[in-house]
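Open the structure in your viewer and keep the selection panel at hand. The stops below give what to select and what is there.

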Amino acid sequence: MRKEIKNVLLKCNNHYLSKDVNSVFNSSFNTFYRKISNLNFRENYLNERVNINKQRIVSQLRFCRHNCFRIIYKGKLFYFDDESICNYCNLNQPNNLSHFLLHCSIIQNYRFKYTQKYLKNDANDLGNLEILLTITNVDHLNNLYFFTISSLKFLLSSLRSRRKVLFSVRKFFFLTYTFLSGNIRFEGP
């Protein structure tokens with residue numbers, strides 16, 4: 001009787017594993033995931049003894065769609081969309097996953113520091129994404145995490161400084177217009 005119960009449980013387990021593998025192969029949400037998944041019950045990097053935030057960030061990168069994705073880190077939402085052009089660099093490329101991980105010139109220093117050693121010059125973008133997102137060991141996980149977090153923090157600080165400049169320019173034009181129109185008054189804190 002016990003042998004039959006173990007046998008039934010094993011068959012159920014294999015059946016659901018097979019269904020999961022089929023859903024990965026037939027998914028239209030993320031067609032790239034089938035190339036980087038080991039199609040097992042659990043990805044190897046989830047078994048590593050590292051901070052849960054590292055696993056969350058790497059999982060978000062691995063599960064995202066190539067053309068549109070978001071990363072949530074410490075309550076902040078970072079949204080990337082293929083329909084928009086990257087506002088940070090001058091490459092005029094779509095703001096998608098491959099641009100963020102492989103090409104954006106403003107975060108090139110972080111790429112050299114953390115992820116360049118995983119990239120191959122003779123591989124195309126999809127090949128390099130596959131290499132980068134297939135986590136092979138703890139160092140690979142840490143480097144991808146630190147690249148992502150450092151880049152996001154840098155992009156956020158760059159956005160904040162641009163907003164301050166834009167606010168200063170708007171304030172300058174408002175004060176200039178007010179002075180030239182004859183209505184001299186100061187508005188502000």
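**Cysteines, pocket, arginine**

Select Cys-104, which counts as buried at 2% relative accessibility. The model is a predicted one. From the sulfur of Cys-104, the closest cysteine sulfur is in Cys-86, at 3.8 Å, too far for a bond.

Move to Cys-86, which is buried as well, with a relative accessible area of 6%. The closest cysteine sulfur to that of Cys-86 belongs to Cys-89 and is 3.7 Å away. Neither is this pair bonded, because a disulfide needs the two sulfur atoms within 2.5 Å. The structure holds zero disulfides.

Keep Cys-86 selected, since the residue also belongs to the lining of the largest pocket. Add Leu-77, Phe-78, Tyr-79, Phe-80, Ile-85, Asn-87, Tyr-88, Asn-95, Leu-155, Leu-156 and Leu-159 to show the rest of that lining. The space in this pocket comes to about 260 Å³.

Which elements each supply at least two residues of the lining? They are strand 2 (76-81) and helix 7 (138-180). Color strand 2 separately: with four residues, strand 2 gives the most to the lining. Coloring the lining by class shows 10 nonpolar residues, two polar ones and no charged ones.

For the last stop, go to helix 3 (residues 52-63) and select Arg-62. Is Arg-62 buried or exposed? At 1% relative accessibility, the residue counts as buried. Now display Leu-133: its backbone oxygen lies 2.4 Å from a polar atom of the Arg-62 side chain.

Key. Residues are numbered from 1 along each chain as its sequence is written. This is a predicted model: local features need pLDDT of at least 70, side-chain atom pairs count only at pLDDT 80 or more; totals for chains, interfaces and linings use all residues. Side-chain values use heavy atoms; hydrogens and water are left out. Buried means under 20% relative accessible area, exposed over 50%, partly exposed in between (1.4 Å probe, protein chains only). A polar contact is a pair of N or O atoms within 3.5 Å; within protein, one must be able to donate a hydrogen and the other to accept it, and residues adjacent in sequence count only if both atoms are side-chain atoms. On a 1 Å grid over the protein atoms alone, a cavity is a set of points where a 1.4 Å probe fits but cannot get out, and a pocket is an open set with protein on both sides within 12 Å along at least five of seven lines; lining residues have an atom within 4 Å of a point. Grid points are joined across faces, edges and corners, and a volume is the space filled by probe spheres set on the points. Ala, Val, Leu, Ile, Met, Phe, Trp, Tyr, Cys and Pro count as nonpolar, Asp, Glu, Lys and Arg as charged, and the others, Gly among them, as polar.
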